[in-house]
Amino acid sequence: MYPAAFEYHAPTSVRDALGLLGSLEDAKILAGGHSLVPMMKLRLAQPKHVIDLRKVPGLTGIKEEGSTIVLGAMATHWDVESSPILKAKAPVVAETAAVIGDPAVRNKGTIGGSLAHADPAADMPATAIALGFELVCEGPKGRRTVKADDWFQGLMSTALGEDELLVEVRVPVWPAGSGACYMKFPHPASRFAVVGVCAAVTLDKNGACTRAGVGVTGAGTKAVRARGVEAGLAGKRLDAAAIEAAAQKAAEGVDVQADLQGSVEYKAHLCRVFARRAIEAAVKRAQG
Ligand SMILES: Cc1cc2nc3c(=O)[nH]c(=O)nc-3n(C[C@H](O)[C@H](O)[C@H](O)COP(=O)(O)OP(=O)(O)OC[C@H]3O[C@@H](n4cnc5c(N)ncnc54)[C@H](O)[C@@H]3O)c2cc1C
């Protein structure tokens, strides 16, 4: 299938890209193209202008800034998966990228594209919420930072303004005594998450949970924080019974949708099962 006709633009700076975005009617940003191009081919998206970010310098790279890891929005899933900094300081982020699609998808798709597109079955949103990513947008009025909790607003809808670019993703490094894990039930063909859960915990010297972050993707129209699970983990020694009890809350607050992959009951069940598994693995990692 062929997309509808469009005009292609390849700016060479963020400023030029923003200028085009602000002046052209019905324009779309192109990053890795692995979500936008299929949508254009299916004519679900028919932008009149496509603004390609690949020639814009300064949007790639992964670096450490104190206790934060800063990823350029155009870092590919492969860059994230293979980053020595992320593997050492926030391995769950690299692990989440490693289970996105297949190597062809990961070589082209970008972390910024994934978070801007906000597919309800995308993997990284769960990890973004669990760890507490911050997303840096740049627009005509300058830069602003949005917390992952405020980013995902609905089905493929985010806090990004129409005149803004997502330029940076900031990943906080959790302290010693922390562990995190992302687990999903993948769609057998695309590998998208039918349900995916990222759990992160910090344990004190006595093994009690001092901090928990749990994000759920796939089940509803957008990725959400599983607040009930987090409350169930907080302050507790995380033995099997405590984990199981907390995981039972995993579908609370999720607008679970029935679809070709399963009924509401089945997907809610997957939320609970994958929450338990992800928390168990996170706790093991936190224990060292
Ligand atoms: C076969 C297949 C399997 C896949 N499997 C998975 C999977 O298992 N898990 C998963 O999570 N994803 C999966 N994906 C999606 C893939 O990860 C995409 O790469 C990603 O969702 C979009 O990233 P992109 O860089 O390709 O963005 P694009 O397709 O270029 O853009 C997507 C959207 O985001 C906007 N956008 C992109 N970058 C920016 C930016 N910097 N600022 C503002 N707006 C921007 C675009 O305008 C567009 O609306 C799959 C895709 C395919 C084709």
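**Note on backbone, strands, domains and a pocket**

1. R43 sits in the loop between helix 2 (36–41) and strand 3 (49–52). The model is predicted. R43 is not a glycine, yet its phi is positive, at about 65°. Most residues other than glycine have a negative phi. Is R43 buried, exposed or partly exposed? R43 counts as partly exposed, because its relative accessibility is 41%, between the 20% and 50% cut-offs.

2. M156 raises a similar point. Its phi is positive, near 50°, and it too is a residue other than glycine. The residue belongs to the loop between strand 8 (152–154) and strand 9 (157–158). With a relative accessible area of 37%, M156 is partly exposed. I would look at both residues on the backbone trace.

3. M156 also turns up among the contacts of H117. Setting aside residues up to four places away in sequence, H117 touches S35, M39 and M156. H117 lies in helix 7, which covers residues 111–117. Is H117 buried or exposed? H117 is buried, because its relative accessibility is 17%, under the 20% cut-off.

4. The division into domains comes next. Domain 1 covers 7–52, domain 2 covers 62–172 and domain 3 covers 178–287. Ten residues from domain 1 and 13 residues from domain 2 make the contact between these two domains. Their centres, taken over C-alpha atoms, are 19 Å apart.

5. Strand 3 is covered on both faces. H49 and I51 are buried on one side, V50 and D52 on the other. Which strands pair with strand 3? Strand 1 (residues 7–9) pairs with strand 3 in the parallel sense, over three bridges. Strand 2 (residues 27–30) also pairs with strand 3 in the parallel sense, over four bridges. On the strand 1 side, E7 has H49 as its bridge partner. On the strand 2 side, I29 has I51. Both of these partners, H49 and I51, are on one side of strand 3 and are buried.

6. Helix 8 (residues 124–131) is mostly covered, with eight of its eight residues buried. The buried residues are M124, P125, A126, T127, A128, I129, A130 and L131. G132 follows helix 8 and has a positive phi, near 85°.

7. Strand 6 (residues 134–139) is also mostly covered: five of its six residues are buried. Strand 6 pairs antiparallel with strand 7 (residues 142–147), over six bridges. The two strands are joined by a hairpin, through two residues. Within this pairing, E138 is bridged to R143 of strand 7.

8. Strand 6 has another partner. It runs antiparallel to strand 10 (residues 165–172), with five bridges between them. Here E134 is bridged to R170 of strand 10. The two named bridges of strand 6 therefore each set a Glu against an Arg, and both types count as charged.

9. The second largest pocket deserves a look. Its volume is about 220 Å³. It is lined by 15 residues, and K89, P91, S178, G179 and A180 are the closest to its centre. By class, eleven lining residues are nonpolar, two are polar and two are charged.

10. Where does the second largest pocket lie relative to the domains? It lies between domain 2 and domain 3, because both give residues to its lining. Helix 5 (91–98), strand 11 (178–186) and strand 12 (193–203) each supply at least two lining residues. Strand 11 gives the most, with three.

11. P188 is found in the loop between strand 11 and strand 12. P188 is exposed, because its relative accessible area of 69% is over the 50% cut-off. How many residues separate P188 from V216 in sequence, and how far apart are they in space? They are 28 residues apart in sequence, and 19 Å lie between their C-alpha atoms.

Conventions. Residues are numbered from 1 along each chain as its sequence is written. This is a predicted model: local features need pLDDT of at least 70, side-chain atom pairs count only at pLDDT 80 or more; totals for chains, interfaces and linings use all residues. Side-chain values use heavy atoms; hydrogens and water are left out. On a 1 Å grid over the protein atoms alone, a cavity is a set of points where a 1.4 Å probe fits but cannot get out, and a pocket is an open set with protein on both sides within 12 Å along at least five of seven lines; lining residues have an atom within 4 Å of a point. Grid points are joined across faces, edges and corners, and a volume is the space filled by probe spheres set on the points. Domain bounds come from an automatic or database domain assignment. Buried means under 20% relative accessible area, exposed over 50%, partly exposed in between (1.4 Å probe, protein chains only). Two strands pair if DSSP finds at least two bridges between them. Contact means heavy atoms within 4.5 Å.
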